[in-house]
Amino acid sequence: MSSLAEPTQPPFEYEALDEHDTDTLGAMLADAAESGLVVGLIGPLGAGKTRLVRATATALGADPSSVSSPTFVLIQEYFGRLPVYHFDTYRLRDVRAFADLGAEEYFGGDGVCFVEWADRVASELPRDVLHIEVTVLAPTSRRFRITASGPVSQRVLSRLR
Ligand SMILES: Nc1ncnc2c1ncn2[C@@H]1O[C@H](COP(=O)(O)OP(=O)(O)OP(=O)(O)O)[C@@H](O)[C@H]1O
Ligand SMILES: [Mg+2]
């Protein structure tokens with residue numbers, strides 16, 4: 001269980017000047033992704049977390065019309081080359097409500113899991129997470145700072161570079 005076995009990589013930083021650049025990052029993530037990946041998204045309201053998930057799912061070949069905002073839905077599933085499971089935890093009352101969704105059964109499974117507001121449910125996430133922190137720089141520009149914390153996320157991060 002030593003973290004020495006997994007040398008940590010520096011963050012990968014990506015700056016999007018507009019939402020099309022964010023879509024490009026989603027396509028890069030789709031190319032780099034593998035089954036069992038868990039992505040934790042952190043960033044304020046309207047940062048572009050959902051936009052990035054949508055772009056990734058679309059690039060994985062999911063039907064874009066099936067990729068809708070999960071504002072009122074806690075788990076959305078998009079079926080492309082890899083299944084995408086999208087959790088929006090914003091409306092959850094507490095961390096236990098996330099556990100009650102059965103989210104754990106999705107982690108390390110056949111698809112890629114995206115968890116919006118990952119910082120709110122950190123205790124329920126696996127150790128191996130690709131964290132993406134989104135910072136709003138200007139009305140349409142965003143910085144995505146991506147870090148890895150385990151073998152799957154490290155491999156995905158290496159492929160992203
Ligand atoms: N570079 C950009 N990347 C992503 N979205 C952008 C960008 N520039 C502008 N936007 C706009 O910002 C908004 C992002 O909305 P989105 O639903 O993806 O945010 P979110 O982080 O999921 O918010 P919430 O926390 O409410 O779920 C959209 O209206 C989008 O058009
Ligand atoms: Mg969202």
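Glu77 stands opposite Tyr85 in S4, and that pair is the starting point for these exercises on a predicted model. Residues are numbered from 1 along each chain as its sequence is written, while chains are lettered from A and ligands numbered from 1 in the order in which they are written. In this prediction, local features need pLDDT of at least 70 and side-chain atom pairs count only at pLDDT 80 or more, whereas totals for chains, interfaces and linings use all residues.

**Exercise 1. Determine how S3 and S4 pair, and place these strands in the order of the sheet.**

Step 1. Strand S4 (residues 83–88) and S3 are joined in the antiparallel sense by five bridges, where pairing requires that DSSP find at least two bridges between two strands. Helices (H or I, at least four residues) and strands (E, at least two) are DSSP runs numbered from the N terminus.

Step 2. The protein contains four helices and seven strands, which follow one another from the N terminus as β-α-β-α-β-β-α-β-β-β-α.

Step 3. The seven strands form an open sheet of mixed pairing, ordered S1-S7-S6-S2-S5-S4-S3. Strand S1 (12–16) and strand S3 (75–79) are at the edges with a single partner strand each, so one side of each has no neighbour in the sheet. From one strand to the next the twist averages 20°.

**Exercise 2. Trace the bridges that S2 makes, and state how much of S2 is buried.**

Step 1. Strand S2 (38–42) runs parallel to S5, with four bridges between them, and Leu41 stands opposite Glu116 in S5.

Step 2. S2 also runs parallel to S6, again through four bridges, and there the bridge partner of Leu41 is Ile132.

Step 3. Four of the five residues of S2 are buried, so that the strand is mostly covered; a residue is buried if 20 or more other C-beta atoms, placed from the backbone, lie within 10 Å of its own, exposed if 12 or fewer, and partly exposed in between. For the whole protein of 161 residues, the buried share is 39%.

**Exercise 3. Describe the pairing of S7 and the way in which H4 lies across the sheet.**

Step 1. S7 is joined to S1 by five bridges in the antiparallel sense, with Phe12 opposite Ile146. Eight bridges join S7 to S6, also antiparallel, Thr135 stands opposite Arg143, and S6 and S7 make a hairpin with two residues between them.

Step 2. In a regular strand the side chains alternate between the two faces of the sheet. The covered face of S7 holds Arg142, Phe144, Ile146 and Ala148, and the uncovered face holds Ser141, Arg143, Arg145 and Thr147.

Step 3. Helix H4 (residues 151–160) lies across S1, strand S6 (130–138) and strand S7 (141–148), at about 135° to S7; the angle, on a scale from 0 to 180 degrees, is taken between N-to-C directions of axes fitted to C-alpha atoms, for helices over the stretch in contact.

Step 4. Val152, Ser153, Val156 and Leu157 are the buried residues of H4. They lie on the same side of H4 because they cover an arc of only 130° around its axis, the arc being that of the directions from the helix axis to the C-beta atoms. Their cover includes S1, H1, S6 and S7, with contact meaning that C-beta atoms placed from the backbone lie within 7 Å.

**Exercise 4. Establish how enclosed H2 is, and follow the chain to Leu60.**

Step 1. H2 is largely enclosed by the rest of the structure, because ten of its eleven residues are buried, including Leu52, Val53 and Arg54. These buried residues pack against H1, S2, S3, S4, strand S5 (112–116) and S6.

Step 2. Leu60 is located in the loop between H2 and S3, and it counts as buried because it has 22 C-beta neighbours inside 10 Å. Leaving aside residues up to four places away in sequence, Leu60 touches Ala30, Gly80, Arg81, Leu82 and Val84. Gly61, which follows H2, has a positive phi near 95°.

**Exercise 5. Characterise the shell around ligand 1.**

Step 1. Ligand 1 is surrounded by 17 residues, of which Thr22, Gly48, Lys49, Thr50 and Arg51 are the closest; membership requires a C-beta atom, placed from the backbone, within 6 Å of the ligand. Helix H1 (19–32) and helix H2 (49–59) are the elements that give two or more residues to this shell.

Step 2. Sorted by type, the shell has four nonpolar, six polar and seven charged residues, where Ala, Val, Leu, Ile, Met, Phe, Trp, Tyr, Cys and Pro count as nonpolar, Asp, Glu, Lys and Arg as charged, and the others, Gly among them, as polar.

How values were computed. Contact = placed C-beta atoms within 7 Å.
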